[in-house]
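Thanks for sharing this one. Here are some notes to read alongside the model, point by point.

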Amino acid sequence: HAQHPTPTAPPIHTPLPNNNATVQLNSNNPHLQQRTNKERKQQAQSANQKHPPSTSLIALTTPLLYDTSPRLTMESVFTFLNAGALLGWSTVLSLLLLQSTNSLTSLTAPFFDIDNDSTTSIINLLLFLEVICFIEVGRIAVGQLKGNLVLGVVLHMIRMTCLILVLPDGLSSLGTDDDDGYDGQKSMICILVLYSWSLTEVGRYPMYLFPTSSIARYIRLVLPIFTFPVGAAAEAYGAYTVLTEILKGVDNGTPIVYWVKVGCLGMVVLINGLLGPTMAYPALLKKGLPVLMGRKSENKKRAKRA
């Protein structure tokens, strides 16, 4: 008998996996997608452990050096101005202390040499520091800083009046001997004004440089309670002294200059004599007394407990 070959089954061709179909299947299956994401995170963490990111000084500071965003640039400028103002007012305070104690008079003499219009005069330094203060008033006006705009404008207009009309006459009388003691009285008033200004500003700028510091905030709110009355009274008395001299005809200027001086000095006397004790100083007490007495900290503790 003839042998017939046994029929064999046709070969089975296994189709190759379709990557696109697998990706589509995984995307449709949320469980598989979550597992894939976890695996990727684990791989990334293990890679970071093997090769940690660079923490060198160059790597950390390079983004700051090349970040020229307007916000970062302006904040750096204002921080620099605040630091410069603090240094300037600290210099004024140091010069006053040296002058008052008759220590190193050869060093402080050029700063108080008002008659010779020296470029190192303390008046020029104070004018520069007042420019920084007016920049702060402008920031209050545009909403960049918190503060009383009207009070800031009036306060620094009074200072400018004293810088231009009152202080030069009084500081030029330092060290002079007169029979009635009038020149010595004027110089003492001007020294009190400068002490009040410098102490107030030295206590104010650290809060701008370190806004989160509780000590800086405490000094900022408490110190004006003591410096404001002395400074306001000295400014008013100094302005009144110069005003009476002008009204007596001691000053021989043009009519326009004459009335501008009379108006500015009269404004200082009026505001410091009437509005200062009744409006400005009570506002300072309202802010500073609770901090001085420790009431604000107690209120915060009670609020946290509640």
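1. A word on terms before the tally: helices here are DSSP runs of H or I with at least four residues, strands are runs of E with at least two, and both are numbered from the N terminus. On that basis the protein has 11 helices and zero strands. Please keep in mind that this is a predicted model.

2. Reading along the sequence gives the pattern α-α-α-α-α-α-α-α-α-α-α. As for burial, 27% of the 306 residues of the protein count as buried.

3. Let me begin with helix H6, residues 122–141. How does its end-to-end distance agree with the expected span? At 1.5 Å a residue, the 20 residues of H6 should span 28 Å, and the end C-alpha atoms lie 29 Å apart, which agrees.

4. The start of H6 has a contact you may like to look at: a side-chain oxygen of Ser 121 comes to within 3.2 Å of the backbone nitrogen of Ile 123. After the helix comes Gly 143, with a positive phi near 90 degrees.

5. Which residues of H6 are buried? They are Ile 122, Ile 123, Leu 126, Leu 129, Glu 130, Ile 132, Cys 133, Glu 136, Val 137, Arg 139 and Ile 140. When you look at that list, it helps to recall that an α-helix has 3.6 residues a turn, so residues three or four places apart point the same way. Note that Glu 130, Glu 136 and Arg 139 are among the buried residues of H6.

6. Next, the helix pairs. Two packed helices are described by the angle between their axes and the distance between the axes. For helix H9 (residues 214–247) and helix H10 (residues 255–293), the axes come within 9 Å and cross at roughly 160 degrees. Angles over 145 degrees count as roughly antiparallel, so H9 is roughly antiparallel to H10. The crossing of H9 past H10 is left-handed. Sorted by class, their contact holds 27 nonpolar, four polar and three charged residues.

7. Two residues help to place this pair in space. Thr 244 sits in helix H9 and is partly exposed, its relative accessible area being 21%; the cut-off for buried is under 20%. Its C-alpha atom is 9.8 Å from that of Leu 265, and the two residues are 21 apart along the chain. Gly 276 belongs to helix H10 and is buried, with a relative accessible area of 6%. From Gly 276 to Ala 232 the C-alpha distance is 7.3 Å, across 44 residues of sequence.

8. H9 also packs with helix H7 (residues 149–171), where the axes are 10 Å apart and the angle is about 60 degrees. That angle makes H7 oblique to H9. H7, too, passes H9 in a left-handed crossing.

9. Finally, is Gly 170 of H7 buried or exposed? Gly 170 lies in helix H7, and it is buried because its relative accessible area is 2%, against a cut-off of under 20%. Its C-alpha atom and that of Gln 185 are separated by 8.3 Å, with the residues 15 apart along the chain.

Notes
Residues are numbered from 1 along each chain as its sequence is written. This is a predicted model: local features need pLDDT of at least 70, side-chain atom pairs count only at pLDDT 80 or more; totals for chains, interfaces and linings use all residues. Side-chain values use heavy atoms; hydrogens and water are left out. Axes are lines fitted to C-alpha atoms, for helices over the stretch in contact, and angles run from 0 to 180 degrees between N-to-C directions. Angles under 35 degrees count as roughly parallel, over 145 as roughly antiparallel, 65 to 115 as roughly perpendicular and the rest as oblique. A crossing is left-handed if the near helix is turned anticlockwise from the far one by less than a right angle, and right-handed if clockwise. Ala, Val, Leu, Ile, Met, Phe, Trp, Tyr, Cys and Pro count as nonpolar, Asp, Glu, Lys and Arg as charged, and the others, Gly among them, as polar. The expected span of a helix is 1.5 Å times one less than its number of residues. Buried means under 20% relative accessible area, exposed over 50%, partly exposed in between (1.4 Å probe, protein chains only). A polar contact is a pair of N or O atoms within 3.5 Å; within protein, one must be able to donate a hydrogen and the other to accept it, and residues adjacent in sequence count only if both atoms are side-chain atoms.
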